[in-house]
Amino acid sequence: VLPWICEGKSILHVGCVDSPITNVELNLHIRLDKVASHLVGVDPATETFNEIRPLLRNPDLFGEISEVGSEFFDYLLVPEVLEHIGNPSEFLRHLNSVNFRKAIFTVPDAFVCSDEHFEYREGNEMFYEAVHPDHNCWYTPYTLRSTLSKYTDWLLEEFYFIDMSTMVVCSKPARSDVKSETHQPGDS
């Protein structure tokens with residue numbers, strides 16, 4: 001879905017190397033590079049950049065969001081990243097510093113994943129959870145909406161279920177950097 005949406009667009013892709021399980025044959029950033037007009041990647045796993053850089057037309061890769069600068073992006077993509085973040089308010093504050101039109105987040109959905117990832121065994125009264133070791137939390141559409149609403153002023157436009165994930169499309173509200181002037185009769 002994401003490569004199709006991103007065709008001909010300028011993209012900032014957060015979590016671009018998909019560490020620690022980078023697979024160049026399935027890597028979303030490499031697929032996006034084939035269709036985006038301009039692509040920039042951000043991932044703290046900078047040691048993995050050398051695996052994907054030779055496969056990219058545009059090897060703009062950064063370890064931190066602050067390194068991106070003031071460049072404008074049509075889309076800020078944050079796929080399957082938010083559940084890894086220990087401090088979502090700080091992370092979202094950093095993302096808000098990026099100049100973008102729309103943001104797309106995906107997270108594994110706790111409800112959709114429940115059949116395959118959660119199990120309660122009555123015999124020994126144990127609850128088992130199969131989860132990626134780097135995940136800090138599970139999201140539902142409600143908790144994703146709540147997190148984004150608490151820590152940003154973005155407009156949450158659309159929610160979707162895609163495979164085992166929830167996807168939300170957001171946009172930044174229009175901002176006016178120029179104060180409007182009030183003219184009094186007789187002013188020139």
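Start by selecting Asp 163, which is found in the loop between β8 and β9; strands here (E, at least two residues) and helices (H or I, at least four) are DSSP runs, numbered from the N terminus. Asp 163 has a positive phi of about 55° although it is not a glycine, and it is exposed, with a relative accessible area of 72%, where exposed means over 50%, buried under 20% and partly exposed in between, computed with a 1.4 Å probe on protein chains only.

Before moving on, note that this is a predicted model, in which local features need pLDDT of at least 70 and side-chain atom pairs count only at pLDDT 80 or more, while totals for chains, interfaces and linings use all residues. Residues are numbered from 1 along each chain as its sequence is written, and side-chain values use heavy atoms, with hydrogens and water left out.

**The whole chain**

With everything displayed, the secondary structure of the chain comes to 6 helices and 9 strands. Of the 188 residues, 43% count as buried. Among contacts (heavy atoms within 4.5 Å) with a separation of 6 or more, 66% are accounted for by residues 24 or more positions apart.

**Strand β9 and its two partners**

Select residues 165-171 next, which make up strand β9, where 7 of 7 residues are buried. Ser 165, Met 167, Val 169 and Ser 171 point one way from the strand, whereas Thr 166, Val 168 and Cys 170 point the other way. In a regular strand the side chains alternate between the two faces of the sheet.

Now add β8, residues 155-162, which pairs with β9 in the antiparallel sense over 7 bridges; two strands count as paired if DSSP finds at least two bridges between them. Within this pairing, Phe 161 has Thr 166 as its bridge partner in β9, and Leu 155 has Ser 171. The hairpin of β8 and β9 has 2 residues between the strands, and Asp 163, the starting point of the tour, takes its positive phi there.

Then add β5, residues 99-108, which also pairs with β9 in the antiparallel sense over 7 bridges. In this pairing Val 107 stands opposite Thr 166.

**The sheet as a whole**

Extending the selection gives an open sheet of 7 strands in the order β3-β2-β1-β4-β5-β9-β8, with mixed pairing. Strands β3 (60-62) and β8 stand at the edges, each with a single partner strand, so one side of each is left without a neighbour in the sheet. Neighbouring strands of this sheet are turned by 20° against each other on average, direction ignored, with axes taken as lines fitted to C-alpha atoms, for helices over the stretch in contact, and angles running from 0 to 180 degrees between N-to-C directions.

**Helices α6 and α4**

Helix α6, residues 141-151, packs on the sheet and touches β5, β8 and β9, its direction making about 155° with that of β8. The buried residues of α6 are Leu 144, Ser 146, Thr 147 and Leu 148, and what covers them includes α4, β5, β8 and β9.

Select α4, residues 88-96, whose buried residues are Pro 88, Phe 91, Leu 92 and Leu 95. These residues cover an arc of only 95° around the axis, which puts them on the same side of α4; the arc is that of the directions from the helix axis to the C-beta atoms. What covers the buried residues of α4 includes β1 (10-14), β4 (72-79), β5 and α6.

**The aromatic cluster**

Show Phe 100, Phe 105 and Trp 154 as sticks, since together they form one aromatic cluster. Rings of Phe, Tyr and Trp (its six-membered ring) pair if their centres lie within 6.5 Å, and planes under 30 degrees apart count as stacked, over 60 as edge-to-face and the rest as tilted. Phe 100 and Trp 154 form an edge-to-face pair, 5.3 Å centre to centre with 85° between the planes. Phe 100 lies in strand β5 and Trp 154 in the loop between α6 and β8, so the pair ties together parts that are 54 residues apart in sequence. Both Phe 100 and Trp 154 are buried. Phe 105 and Trp 154 form a tilted pair, 6.0 Å centre to centre with 35° between the planes.

**A last stop**

Finish at Glu 80, in the loop between β4 and α4, which has a positive phi of about 55° although it is not a glycine. At 30% relative accessibility, Glu 80 counts as partly exposed.
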